[in-house]
Amino acid sequence: MIVNLVLSLVYILNRVSRNYESGCFFMDVQRISNHVRMQKWITIIDECSKSELPVKTWCNQNDISEQSYYYWLKKIRTQAVQKVSNKEISFSPIPIQSVMRTSTMITVTKGDIHIEVPDSIDQVTLMNIMRTLLC
């Protein structure tokens with residue numbers, strides 16, 4: 001927790017010194033204050049999670065309002081989702097080391113694509129494969 005506070009202070013000092021001359025001082029102080037609070041609550045939520053106690057019990061033991069805990073948890077999760085949403089999603093192929101063979105396999109073919117599935121495949125999965133191939 002002390003490391004996070006030190007890092008937050010370094011962040012604050014860098015932001016303040018750069019933006020004081022540009023006239024953005026007030027907005028940066030507010031942004032920095034929010035950043036420090038966010039880091040503090042990330043640490044608190046992490047400690048609660050690691051304790052494996054129910055949230056209510058942990059909050060009572062640490063003199064933290066359960067309402068504040070859940071407010072900040074929602075705020076942190078929302079920010080995390082926004083960060084992930086802004087990133088481009090990419091898919092990577094996963095090499096298959098071995099294939100389990102059953103006595104009967106079904107081969108689904110479209111053009112140069114051949115997919116073998118066991119005859120015990122459920123109908124929903126098979127329909128999803130067929131829809132994907134038809135696209």
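**Figure 1. Glutamate 52 in the loop between α2 and α3.** Glutamate 52 sits in the loop that links helix α2 to helix α3 (55–61). In this predicted model, its phi is near 60°, a positive value in a residue other than glycine. As for the surroundings, glutamate 52 counts as exposed because its relative accessibility is 73%.

**Figure 2. Aspartate 63 in the loop between α3 and α4.** Here we move along to the loop joining α3 and α4, where aspartate 63 has its place. Aspartate 63 isn't a glycine, yet its phi is positive, near 50°. With a relative accessibility of 73%, aspartate 63 counts as exposed.

**Figure 3. The salt bridge between aspartate 46 and lysine 50.** Side chains of opposite charge can pair when their charged atoms come close. That's the setting for this view: aspartate 46 forms a salt bridge with lysine 50, and their closest N and O atoms are 3.1 Å apart. The cut-off for such a pair is 4 Å, so 3.1 Å qualifies. Both partners belong to helix α2, spaced 4 residues apart, or about one turn of the helix. Aspartate 46 counts as partly exposed, at 37% relative accessibility, while lysine 50 reaches 61% and counts as exposed. The salt-bridge count for the model comes to 1.

**Figure 4. Cysteine 48 and cysteine 59, without a disulfide.** How many disulfides does the count come to? The number is 0. Cysteine 48 is in no disulfide, and the nearest cysteine sulfur, that of cysteine 59, lies 5.5 Å away. Why is there no bond from cysteine 59? Its sulfur is 5.5 Å from the closest cysteine sulfur, the one in cysteine 48, and that's too far for a bond. The cut-off is 2.5 Å, so a pair at 5.5 Å doesn't make it. As for burial, cysteine 48 is buried, with a relative accessible area of 3%. Cysteine 59 also counts as buried, at 1% relative accessibility.

**Figure 5. Isoleucine 44 and its contacts.** Isoleucine 44 is a residue of helix α2 (residues 25–51). Is isoleucine 44 buried or exposed? It counts as buried, because its relative accessibility is 7% and the limit for that class is under 20%. Setting aside neighbours within four places in sequence, what does isoleucine 44 contact? Its partners are Trp58 and Ile64. The view also takes in asparagine 62: its C-alpha is 9.6 Å from that of isoleucine 44, with the two positions 18 residues apart in sequence numbering.

**Figure 6. The largest pocket and its lining.** This pocket has a volume of about 170 Å³. Which residues line it? They are Asn34, His35, Met38, Gln39, Ile42, Lys75, Gln79, Ala80 and Lys83. Helix α2 contributes the largest share, 5 residues. Both α2 and α4 (66–85) supply at least two lining residues each. Sorted by class, the lining holds 3 nonpolar, 4 polar and 2 charged residues.

**Figure 7. Leucine 133 in helix α5.** For this close-up we go to helix α5 (residues 123–134), which holds leucine 133. Leucine 133 counts as buried, since its relative accessibility is 11%. What does leucine 133 touch, once residues up to four places away in sequence are left out? The answer is Val108, Lys110, Ile113 and Ile115. One of these, isoleucine 115, is 18 residues from leucine 133 along the chain, and their C-alpha atoms are separated by 9.9 Å.

**Figure 8. The whole chain, for orientation.** To place the close-ups, here's the overall layout: the protein chain has 5 helices and 2 strands. Read from the N terminus, the elements run α-α-α-α-β-β-α. Of its 135 residues, 19% count as buried; isoleucine 44 is one of the residues counted as buried, and leucine 133 is another. What share of the contacts between residues at least 6 apart in sequence joins residues at least 24 apart? That share is 32%.

Key. Residues are numbered from 1 along each chain as its sequence is written. This is a predicted model: local features need pLDDT of at least 70, side-chain atom pairs count only at pLDDT 80 or more; totals for chains, interfaces and linings use all residues. Side-chain values use heavy atoms; hydrogens and water are left out. Buried means under 20% relative accessible area, exposed over 50%, partly exposed in between (1.4 Å probe, protein chains only). Contact means heavy atoms within 4.5 Å. On a 1 Å grid over the protein atoms alone, a cavity is a set of points where a 1.4 Å probe fits but cannot get out, and a pocket is an open set with protein on both sides within 12 Å along at least five of seven lines; lining residues have an atom within 4 Å of a point. Grid points are joined across faces, edges and corners, and a volume is the space filled by probe spheres set on the points. Ala, Val, Leu, Ile, Met, Phe, Trp, Tyr, Cys and Pro count as nonpolar, Asp, Glu, Lys and Arg as charged, and the others, Gly among them, as polar. A salt bridge is a side-chain nitrogen of Lys or Arg within 4 Å of a carboxyl oxygen of Asp or Glu.
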